[in-house]
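User: Please take a close look at one strand and its neighbours in this structure. I would like a connected account rather than a list.

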Amino acid sequence: MNLRQRLLITFSLVVVIVVALVAYAVSLRTRSAFEQVDQERTGALVAQFRKEFESQGQDVVHKLERIARSEDIQRLALESAHGGEMSVYLQQAAATAQEYGLDFLQILDTNGNIISSAEWPARFGYRQNLPAEPPNDAFLKKIELPEGYALGLIALRTVRVGDALVYLEGGKRLDLQFLETLSLPPGMYAWLYRVNGPKFNPADVMGEPSSSAAGLAPLLNLAIQSGSEHSAIVQLSPMKLDRATVQAIPVKDDAGEVAAVLLAGTSRRPLLELQRNIRATAFIVAGVGILLGILISVWIAARFSRPIEQLAEASREVAGGNWDVQVQSDTDDELQDLADAFNAMTKELIEQRDRLVQTERVAAWRELARRLAHELKNPLFPLQLTVENLSRARALPAPEFEEIFNESSATLLAEIQNLKTIIARFSDFSKMPRPQLQPTSLNELVQKVATLHQAQVKESPKAIALKLELDRELRVIPLDPDLMHRVVSNLFLNAIDAMPKGGTLHLRTHDRGEYARLEISDTGIGLTPEERERIFTPYYTTKKHGTGLGLAVVQSIVSDHHGSISVVSEPGQGTTFIIDLPKRAAESDLASVRMGATV
Amino acid sequence: MRTTLRSLAISSLMVFVVTAAARTRPHYGGVVRMERSGGVYTEDLNRDPLVAETLTTVDALGRVQPLLATIWESQNEGRRWQFSVRANVHFHDDNTLTAADIAQALNGKQGAPWKSVRVVGANVVFECEDAQPLLPELLTLQDYAVAKTDASGAVIGTGPFRLVGLVGNTAKLAAFEDYWQGRPYVDAVETTANRNLRDQWMDLSVARTDVVEVPAQQVRYAQQERMRTLVSRNMELIALVPSQQSQALQDSRLRQAISLAIDRNSLLNVIFQKEGEVAAAVLPNWMTGYDFLFPTQQNLVMARDLRGQAKQSGVITIGYLPGDGIQQLVAERVALNARDAGIVMQAVPVRGIVHPDLELLRVQLSSTVPSPALQGVSILVGGQEGDPVDDNLDGIYEAERALLSSYRVIPLLYVPSSYAAGSRVRNWSLTATGSPAVREMWLEDRR
């Protein structure tokens, strides 16, 4: 990931995080404000419910007192006191309830037996439990009906005639109509759940479509079981926004049991819509921020990252060997300083390289002169002695002179030949030809060298084992077979020389993808680290009679094939030369390969 | 002067006496108006004894008497019956009743116990596959009335009245001048159907009608209100009939438990205001006299025990007709009683294709003769024709016991039919089957 991408991501993240934090904070504050309003509205609704409950209760009490004073009920009580026929009053409760606008009315005798029931006429004669002391106020009661239970706001009054008592129990149904008397502000709901058994029944929720009532079940169960207020957020319909904060307020009957639960709900739609708007705004702001981030990052990249990228590119070129690189920068800041420093560094490097080349060139000439002097000095000394000996021998008798002359001539010729050889070697090294590449099997070439030097291996004073491990997958590669034959022969013979006490000579080839590898290992005396450092330096040798040009020639040939050579060695552990040769010829060599292929 | 005054006084007295005598003496004319809560009148016109008559009838004591047949005799051990057709009886279209008319009317009657009805001279002969010792009694049923239809489909009978018109819910019957027992006193009868009780009573109070219905539970109230009520013998059976298809009531022990759980006395004393009698038998006690052999007392202990032995799956429903307050009250009371025995029961209105487990039936006895009455009830409550019943009390008892033993019918009460008449109706009486005796009544004023 480059600097530009990092900048873009960083800017975008910062914008998104900031916008998200702001949106979250605004949402939180909004929700808090809404909840506060909800609580106030719920409190007002509950107060209204209680007030209405009390008002309706007083109405029921007044009506029941008027019924108790009515002529029909007084006559009924009188007949009851005198043991009169009560069956004729079977429909009395229904008629009276209708007359006084009550939903429930039961007339009971002294023992609590039902004389007449408006809500369940068939219950005549059945006994009902009555409180020892009738309460003055109205109370909530579950009224048993043929089809189940209903909630009633009930009052109880007595009519006394002599010792006999007639009880009047009547009231109003606590139903949807009752709820409709509550004036609800917009967005607020009021439902009443009639507790009718332990299992939740959606049909017992008054004022709410049964399709959405199922969501109220957990809240209702909690409120009924605990007998205290609870609130929860309830999904009222499959529509996502149709949610409400519902407060469940248990309402208890005269026995202290939870008979109903008032559910005061406030729609969360306004809050959810506001939150959705906030989210939408936040998304827009974040989107704009990200766009701005891209623009800013592009600008910053143009301002900062481009010079850095130029520097990186220049560094890569320097690493690739092109030191003649200059970085252009038109800024007037640290990046300009960096570019100047880089340019100064490359300039310094070039100068040092030139100085080094000069120094190495002088050193090479010196080494060449030293080696040449050394090489030439050896034959010159016998030449000098032979000539001096011939001068002195001129005084000797002819036969002796003849003999000395012949010997001296032979010596002179031999040394002159030696000088020619030395000069020829140097001449060869200076005239190293360019490789003529042609498709060649490296395996066959190695095999040929091994066969050629088989006799030398066998003639070695100590036993040397020759092992060939050639990769059959390795196909022909572009090589100059003569030059490469020379390389392999040189390393082969060096390995034999390195194992005066015998050992194993190992020749291996590998297909290494783009390269073909050749490894020549011996188990000989090995090289010291210093020897490893200098082993490819021309005229450096560890042998008594070596010229020090062999490995230099090897390296030169390998290099001319665009390959590489390295050595792995430890003293006493043997030495391995590793040559990697490209399997495809360089563009500049393609022509010679084609030519070689057609020859 | 004194003589003149005396003459005047005597004349006035004579006018008063003559006028008073004229008021009490039957006279012809007038239209008697009747109202009923039931359906359209013409649906079962041929079952109306005012229009169509049967071969035999029963008197007030329940004895079979001749009507369109004068005499009859049985042959071949009750498998063959010969009835002599009354002469000089005319249909409403002035044709004389013949044996062929009777054979045509009664041949192929659905559910009839005879194989064929043949004409032999002036007689009709009923051929039966099995012995039918009670065929004369059976022929008292209005189902076997002799009637025919004209080209327009109108019913033509031999009864004292004939249909002359139908407007809306009101059917008008005119007196048949050539009625063989003599023309009725009133010129016509107008019967309006589908009138609720409150409207009937309102119309009677303002003299807009002459005869209205009085339900059994309202008889006491009507009498307190000094209405001219007449109460028949207990002619209507109120019974529970478990549905044959009900899975919930397949176990007879559960049906028995329901029967034992019901407090029939409360139903009678409170809901029906003591008009009628509790019933555990199909036929009323006045007809059989052995009603005491069928216990009517509530027995919750045994009911709970049977309930415990039987399996109940789900709620048992007891149906009532929507809008019938009394039926609903009875159904809810039965459900309450059943609940006391641990039986979960709920009263439901019967609408459309709803089939309750228990049906609350009100069956009007079609005959005052035990055996045809029992057969009629059996068919109505069981949906099947019962076997012929022996013409003796033992046979009727056995048949009734067999009918009740499976608890496929659970009798609750017998209640009477009751009517109230306006002040201008004279000779106000009910027939043996409990309907107003229109043929015998006359009106004080002509209209």
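**Strand β5 of chain B in its setting**

Analyst: In this predicted model, 9 residues of chain A are in contact with 12 residues of chain B. On the side of chain A that touches chain B, 6 of the residues are nonpolar, 2 are polar and 1 is charged. The model as a whole has an ipTM of 0.78 and a pTM of 0.61. For chain B, the mean pLDDT is 86, with 90% of its residues at 70 or more.

The part to look at is strand β5 of chain B, which covers residues 80-85. Its side chains alternate between two faces. B:Trp81, B:Phe83 and B:Val85 point to one face, and these residues are buried. B:Arg80, B:Gln82 and B:Ser84 point to the other face and are not buried.

One pairing partner is strand β4 of chain B, residues 69-75. β4(B) and β5(B) run antiparallel and are joined over 5 bridges. Within this pair, B:Trp81 of β5(B) has B:Ser74 opposite; B:Trp81 is also one of the buried residues of the strand. The two strands make a hairpin, with 4 residues between them. In that turn, B:Asn76 has a positive phi of about 55°.

Another partner of β5(B) is strand β7 of chain B, residues 123-127. This pairing is likewise antiparallel, over 5 bridges. Here B:Gln82 has B:Val125 in β7(B) as its bridge partner. B:Gln82 belongs to the face of β5(B) whose residues are not buried.

Taken together, β5(B) pairs with β4(B) and with β7(B), while its side chains alternate between a buried face and one that is not.

Methods:
Residues are numbered from 1 along each chain as its sequence is written. Chains are lettered from A and ligands numbered from 1 in the order in which they are written. This is a predicted model: local features need pLDDT of at least 70, side-chain atom pairs count only at pLDDT 80 or more; totals for chains, interfaces and linings use all residues. Two residues are in contact if their C-beta atoms, placed from the backbone, lie within 7 Å. Ala, Val, Leu, Ile, Met, Phe, Trp, Tyr, Cys and Pro count as nonpolar, Asp, Glu, Lys and Arg as charged, and the others, Gly among them, as polar. pLDDT is the predictor's confidence in each residue, from 0 to 100. A residue is buried if 20 or more other C-beta atoms lie within 10 Å of its own, exposed if 12 or fewer, and partly exposed in between; C-beta atoms are placed from the backbone. Two strands pair if DSSP finds at least two bridges between them.
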